[in-house]
Each structure stands twice: as C-alpha cells, then as structure tokens.
Amino acid sequence: MLNKVCESKDIDNNVMKSFIIGTNIDILIGKINYKIFACKNYCPHRAALLSKGQLKPSDDRIACYMHGFEYNVFTGKIESIPNKWINQSPGWKKAGELTLYNVIEKDGGVFVDVP
C-alpha cells in the first residue's frame with residue numbers, strides 16, 4: 001500500500017529523516033547523491049535506531065551509531081563491521097539485511113510502499 005510520507009522538499013540531498021506511518025511503522029527516508037531510499041529505522045544487528053547513525057554518501061551506506069555496522073541503503077546488505085568487533089562471537093556479529101521499502105517521488109511528494 002502506497003503511503004505519502006512527506007514532501008520531496010523535506011528530504012535534502014545526503015540527508016535522512018525518520019517518519020512514523022500507518023500503525024506505528026518507523027521508517028527512514030533519505031537521499032544519497034539525489035537518489036532516494038527508504039528502510040525500516042532499525043539496525044538489523046541489535047535494533048538501534050538508524051536515524052541516529054551516519055550517512056556515508058560516497059559509499060551508499062549508513063553506519064549504525066551503536067556498533068558501527070555499515071549497510072548499503074540501496075541493496076540492504078551489510079558491507080562493513082568495524083575491526084574492534086572482530087573477536088566477538090559469530091552469533092554476536094550476526095546481522096541480517098536492512099528492510100527496504102519501495103519509494104517513489106511524484107507530484108512533489110514522497111510515497112513509500114509498506115506491506
């Protein structure tokens with residue numbers, strides 16, 4: 001179901017913002033190099049809020065503020081785990097992929113398809 005989340009002008013380039021839509025669905029919408037993305041606003045590693053993290057536009061990534069795990073915002077795949085966590089157990093380092101949502105801009109609005 002397509003949900004209008006905000007106006008296109010509300011999301012600047014290389015910036016992200018979180019929004020609550022529907023029945024308490026927390027999503028993160030952002031633009032990297034003028035390409036828009038939308039994902040669940042929770043890190044797949046330990047559920048920290050990604051909106052507190054850092055966008056890395058040169059790599060199409062977001063880094064979680066809590067442990068520094070980095071995910072590609074367009075593929076959802078984990079791309080980097082900081083070396084300081086290398087000796088942690090495999091179970092602790094395990095992380096899924098970002099939950100991505102289809103997002104489009106039309107008629108000056110940003111719409112996200114949330115199942």
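I21 stands opposite I25, a residue of strand β3, and this pair is a convenient place to enter a model that is predicted rather than determined by experiment. Because the model is predicted, local features are described where pLDDT is at least 70 and side-chain atom pairs count only at pLDDT 80 or more, whereas totals for chains, interfaces and linings use all residues. Residues are numbered from 1 along each chain as its sequence is written, and side-chain values use heavy atoms, with hydrogens and water left out.

Strand β3 covers residues 25–32 and is joined to β2 by seven bridges, the two strands running antiparallel. Strands here are DSSP runs of E with at least two residues, numbered from the N terminus, and two of them are said to pair if DSSP finds at least two bridges between them. With β4 added, three strands form an open antiparallel sheet in the order β2-β3-β4. Its edges are β2 (15–21) and β4 (35–40), each of which pairs on one side only. From one strand to the next the twist averages 25°, where axes are lines fitted to C-alpha atoms and angles run from 0 to 180 degrees between N-to-C directions.

A second open sheet, again of three strands with antiparallel pairing, has the order β1-β10-β9. Here the edge strands, each pairing on one side only, are β1 (2–7) and β9 (102–106). Neighbouring strands of this sheet are turned against each other by 30° on average, with direction ignored.

Strand β10, residues 109–113, pairs with β1 in the antiparallel sense over five bridges, and β9 and β10 likewise pair antiparallel over five bridges. D113 in β10 is the bridge partner of L2, and D113 is also the bridge partner of N102. The strands β9 and β10 form a hairpin with two residues between them, and in this turn D107 has a positive phi of about 50°.

Which residue of strand β10 deserves a closer look? V110 lies in this strand, and V110 counts as buried because its relative accessibility is 0%; buried means under 20% relative accessible area, exposed over 50% and partly exposed in between, using a 1.4 Å probe and protein chains only. Leaving aside residues up to four places away in sequence, V110 touches N3, K4, V5, C6, E7, S8, I29, I36, V103, I104 and E105, a contact being heavy atoms within 4.5 Å. By comparison, V110 and M66 are 44 residues apart in sequence and 28 Å apart in space, C-alpha to C-alpha.

Terms used:
Helix = DSSP H or I, 4+ residues; strand = E, 2+ residues; numbered from the N terminus.
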